[in-house]
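Biologist: I should be grateful for a close look at the nonpolar interior of this model, followed by the backbone features in its loops.

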Amino acid sequence: MKNLIIFDCFGVLTSELAPVWFGKRFPPQQAKELKERYFGNADLGGKTISQLMDDLSSGLSIDKNVIIREFTEIFSLNVELLSYIRNLKLNRPDYDVALLSNAPQGLVESIFNEFGLYRRFDKIFISWQYKTAKPDRRFYEICLKGMGAKYGKIFMIDDNPTNLTGLTEMGITPVLFTNNAELFAFLDGEL
């Protein structure tokens, strides 16, 4: 029987973007509220990333090109983890790998296209496509059903503890991502 590892995108495979950007520009509570106001509906398919950038620009009176430049400066890939996943896919056919990410249309896709990441995953699930987002249990159910297999072990790797609550009842082992070393030690012990 195969096993499944599900990865979050932002804060795990790549740097966080929106929380960092808002956090650099606004006090903590306001940053949290603004992030939810602008990204909440977008993550559920309400807007594309381009429309979201337009809304941020007009709503916050910040030039769109400045916003895009600042998001680009914040962005980084977790190259070490992506290499680990590549090796896992090459050497462990008994494991499937999925992506489960909250994101507006076009954001994950542009990153995956630019850096050739699609081949690292058996399937990807982005919240905007399904009109639901983590931590909604339905999003995890969509992922499990979409993978189309029965699994012995299922792991969900996420940097947000809220997205990991209630998973054990679904047969998913929640794994809080803090750094690569701890994740690799955990996975190596499980694999």
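**The nonpolar core and selected loops**

Modeller: In this predicted model, the largest nonpolar core has 50 residues, and the members that touch the most others are Phe7, Trp21, Phe22, Leu56 and Leu81. Phenylalanine 7 deserves a detailed account. Leaving aside residues up to four places away in sequence, Phe7 touches Val12 and Leu13, then Leu81 and Ile85. Its contacts continue with Val97, Ala98, Leu99 and Leu100, and with Phe121, Met156, Ile157 and Leu183. Leu81 thus appears both as a contact of Phe7 and among the members of the core with the most contacts to other members. A second core, separate from this one, comprises 17 residues, including Ile6, Phe139, Tyr140 and Met170. As a general background, nonpolar side chains in soluble globular proteins tend to be buried together.

The loops supply the backbone features. Between helix 7 (127-130) and helix 8 (137-147) lies the loop that holds proline 135. The peptide bond joining lysine 134 to proline 135 is cis, with omega about 10°. Lysine 131 is found in this loop between helix 7 and helix 8 as well, and its phi is near 60°, a positive value in a residue other than glycine.

A positive phi also occurs at serine 61, where the angle is near 55° in a residue that is again not glycine. Serine 61 is placed in the loop between helix 3 (49-60) and helix 4 (64-74). With a relative accessible area of 67%, serine 61 counts as exposed, because that term applies over 50%.

Definitions and conventions. Residues numbered from 1 in each chain as written. Predicted model: local features only at pLDDT ≥ 70, side-chain atom pairs only at ≥ 80, totals over all residues. Heavy atoms only, no water. Core = buried A, V, L, I, M, F, W, Y, C linked by side-chain atoms within 4.5 Å. Buried < 20%, exposed > 50% of the residue type's maximum accessible area, 1.4 Å probe, protein only. Contact = heavy atoms within 4.5 Å. Helix = DSSP H or I, 4+ residues; strand = E, 2+ residues; numbered from the N terminus.
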